[in-house]
There are 2 protein chains.
Amino acid sequence: MVSQVRRFNRTVTQRVGALDDEFLARDRPLGQARLLWEIGPDGADVRSLRARLDLDSGYLSRLLRALEAAGLVAVDGSGADGRVRTARLTAAGRAERAELDRRADTAAESILDPLSASQRARLVSAMAEVERLLMASAVKVAVRSPADPAARACVRAYFDELGRRFDHGFDPGQSLPAEDQEMIPPAGLFLVATLHSEAVGCGGLKFHGDGPAEVKRMWVAPAARGLGLGRRLLSELEAHAAAYPVTALRLETNGSLAEAISLYRTSGYREVDAFNDEPYAHHWFEKTLDHGVA
Amino acid sequence: MVSQVRRFNRTVTQRVGALDDEFLARDRPLGQARLLWEIGPDGADVRSLRARLDLDSGYLSRLLRALEAAGLVAVDGSGADGRVRTARLTAAGRAERAELDRRADTAAESILDPLSASQRARLVSAMAEVERLLMASAVKVAVRSPADPAARACVRAYFDELGRRFDHGFDPGQSLPAEDQEMIPPAGLFLVATLHSEAVGCGGLKFHGDGPAEVKRMWVAPAARGLGLGRRLLSELEAHAAAYPVTALRLETNGSLAEAISLYRTSGYREVDAFNDEPYAHHWFEKTLDHGVA
DNA sequence: CGCATTCTCTGACTAAAGTCAGAGAATGGA
DNA sequence: TCCATTCTCTGACTTTAGTCAGAGAATGCG
């Protein structure tokens with residue numbers, strides 16, 4: 001499998017990467033072209049450009065000066081924060097970017113062009129599959145404090161979604177609580193999944209001595225669904241739990257969360273009688289962990 | 001479709017390209033690392049390195065000097081041609097290359113690692129599909145003289161293959177001839193397919209006034225089979241024929257060439273009575289061209 | 001043999017990419 | 001209000017990458 005992946009890497013970076021760069025670079029240095037592209041039609045903060053392109057601040061500043069001198073970009077300090085400056089495309093800059101756009105289209109067409117209709121369809125669908133799975137593989141899962149901004153953002157999004165999906169809304173105050181300190185080791189733990197340093201999912205665990213631990217706050221961002229991330233979070237929670245004297249995991253869920261219920265069933269959880277009085281729950285699940293051999 | 005391809009290009013060059021370069025570059029410039037890799041365990045002529053990496057001769061020489069200074073490479077002039085020099089890895093160079101190899105493995109593993117077994121299988125198969133189709137799309141087909149070295153190589157390989165596959169061998173002298181001048185415009189034409197400037201297929205056409213033209217020398221290199229290249233060559237021959245006062249294409253083939261026969265049938269050729277006395281032919285096909293609207 | 005060509009190399013460049021230190025303005029929290 | 005921090009910018013570098021011209025040895029062909 002590794003050798004397959006390596007072959008792919010070689011072939012694709014050669015064919016696609018070279019083509020892409022060649023078309024992106026008109027007569028302008030690649031760095032400038034990339035920046036021009038990244039600024040986009042609505043402009044962008046210098047700060048966010050630096051983060052997105054991962055450039056040295058001095059270098060970025062110089063690239064902006066070059067684009068300014070070419071009359072393609074205007075940088076102004078308008079905004080709430082007086083330190084942050086915003087780069088915007090001028091009319092000439094927009095025209096230039098449109099040209100880059102056309103070139104990227106041409107590059108893509110030059111790949112499709114020699115193929116038959118059925119080959120094109122197969123290529124595009126295989127590309128979509130590769131892209132999705134590469135995205136899935138780029139997701140990082142790490143233990144973080146529930147107080148971490150990314151974790152907070154996840155829980156907030158999770159509650160919002162419950163509010164929209166439950167028949168009569170969702171009020172966190174009515175639900176059984178899971179306090180921060182209950183999901184910080186050794187009392188428990190909290191996992192956050194990120195894609196390009198943006199939070200796209202979470203899941204928590206509350207330990208109860210050597211009794212069953214509770215799975216809480218399992219959530220995956222809509223944009224990241226279909227990547228198997230829910231299953232991955234769940235299995236990483238189980239893997240972490242294995243380091244504790246825990247023999248089983250428990251969780252409860254609402255009847256309107258069909259994907260979640262199906263995830264639990266296919267992950268080895270079996271439905272059990274209610275083990276708590278969570279008012280929003282319709283189903284209770286439990287899975288026995290075996291700490292035995294792999 | 002174009003936008004799909006562009007998304008793929010972006011995602012893949014980011015994820016794969018960056019990863020690859022980062023791992024390939026240890027502390028050494030990327031150019032040197034690539035060269036070290038390309039020299040390979042058995043050494044390589046400077047001349048072929050220049051062709052493969054498409055480098056300026058001065059630049060390549062300088063890179064070799066740098067690798068020599070680092071004790072990784074030895075360049076010596078041993079060989080039949082006293083002008084050509086050969087670069088070989090020293091023990092240290094081999095060790096360094098092995099390290100690069102390990103790193104490329106690690107890079108590939110880091111892509112597979114976060115995925116489940118079924119996701120990995122899907123990724124690898126989708127990668128193989130993308131790679132194959134990109135290869136198909138990288139094939140260039142062009143009209144060339146039958147006397148062109150690439151064309152000669154194709155015809156030679158074609159005859160060799162017929163010799164191996166026909167029940168009683170193949171002797172070009174016994175077969176109906178197709179002379180060079182018969183496949184040079186306007187008498188006819190000859191197409192050569194190349195992949196990375198290596199010949200991988202061919203096909204010729206002999207015109208007979210406004211009577212049916214003959215398809216000759218249809219061949220695809222074993223390494224390039226399954227890319228739909230035969231069908232592409234055939235349809236490009238038909239497209240070229242459309243510029244001539246030709247109403248039909250004809251061809252004959254041997255019963256042992258099953259793929260070819262199936263290609264002709266599925267490309268709209270129907271079997272007809274023998275229209276010549278080619279001794280090696282078992283089947284004769286004809287397709288009526290319509291010069292009408294697309 | 002003579003001569004054009006091929007091959008590799010060095011010297012002398014340029015342009016692009018990227019790094020590092022620090023200055024100056026603005027912000028935010030104690 | 002003070003002080004650490006953030007953000008952008010300039011100046012002063014280095015390293016890579018790549019180009020171009022031409023020299024010198026070897027080869028191949030007529």
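In strand E10 of chain A, A:Phe285 is the bridge partner of A:Leu251, and A:Trp284 plays that part for A:Glu252. Both pairs belong to a predicted model, in which local features need pLDDT of at least 70 and side-chain atom pairs count only at pLDDT 80 or more, while totals for chains, interfaces and linings use all residues. Residues are numbered from 1 along each chain as its sequence is written, chains are lettered from A, and ligands are numbered from 1, in the order in which they are written. Strands here (E, at least two residues) and helices (H or I, at least four) are DSSP runs numbered from the N terminus.

Strand E8 (residues 248-253) and strand E10 (residues 283-288) of chain A run antiparallel and are joined by six bridges; two strands pair if DSSP finds at least two bridges between them. E10(A) also pairs with E9(A), again in the antiparallel sense, over three bridges. There, A:Glu286 of E10(A) has A:Arg270 opposite. In general, the strands of a sheet pair through backbone hydrogen bonds, either parallel or antiparallel.

These strands sit in an open sheet of seven in chain A, with mixed pairing and the order E4-E5-E6-E7-E8-E10-E9. Strand E4 (140-143) and strand E9 (270-272) of chain A are the edges, each pairing on one side only. On average, neighbouring strands of this sheet are turned by 30° against each other, direction ignored. Axes are lines fitted to C-alpha atoms, for helices over the stretch in contact, and angles run from 0 to 180 degrees between N-to-C directions. Lying across part of the sheet is helix H8 (residues 229-241) of chain A, which covers E4, strand E5 (188-195), strand E6 (198-208), strand E7 (211-220) and E8 of chain A and runs at about 35° to E6(A).

Chain B has an open sheet too, with three strands in the order E1-E3-E2 and antiparallel pairing. Its edges are strand E1 (44-45) and strand E2 (73-76) of chain B, each pairing on one side only. E2(B) is held to strand E3 (residues 86-89) of chain B by four bridges in the antiparallel sense, and B:Thr86 in E3(B) has B:Asp76 opposite.

How do the two chains relate? A turn of 180° and a shift of 0.0 Å along the axis lay chain B on chain A with an RMSD of 0.4 Å. That is the relation of a two-fold axis. The fit is by least squares on the C-alpha atoms of residues with pLDDT of at least 70 in both copies. B:Ala126 is the residue of chain B that comes closest to the rotation axis, at 2.6 Å (C-alpha).

The chains touch through 44 residues from chain B and 44 residues from chain A, two residues being in contact if their C-beta atoms, placed from the backbone, lie within 7 Å. On the chain B side, helix H1 (2-24), helix H5 (91-112) and helix H6 (117-138) each supply at least two residues. H6(B) brings the largest share, 17 residues. By class, this side of chain B has 24 nonpolar, nine polar and 11 charged residues; Ala, Val, Leu, Ile, Met, Phe, Trp, Tyr, Cys and Pro count as nonpolar, Asp, Glu, Lys and Arg as charged, and the others, Gly among them, as polar. The copies meet through the same surface, because 100% of the interface residues of chain B are also interface residues in chain A.

Then there is the DNA. Around strand C there are 23 residues, of which A:Pro29, A:Gly31, A:Gly58, A:Gly82 and B:Gly58 come nearest; a residue is near a strand if its C-beta atom, placed from the backbone, lies within 6 Å of it. H4(B) gives the most to this surface, six residues, and the surface divides into seven nonpolar, six polar and 10 charged residues. Around DNA strand D there are 24 residues, with A:Gly58, B:Pro29, B:Gly31, B:Gly58 and B:Gly82 nearest. Here H4(A) gives the most, six residues, and the split is seven nonpolar, seven polar and 10 charged.

Within chain A, the axes of H2(A) and H4(A) come within 10 Å and cross at roughly 80°. The two helices are therefore roughly perpendicular to each other, a label for angles of 65 to 115 degrees (under 35 is roughly parallel, over 145 roughly antiparallel and the rest oblique). A:Gly31, A:Gln32, A:Leu35 and A:Leu36 of H2(A) meet A:Leu63, A:Ala66 and A:Leu67 of H4(A).
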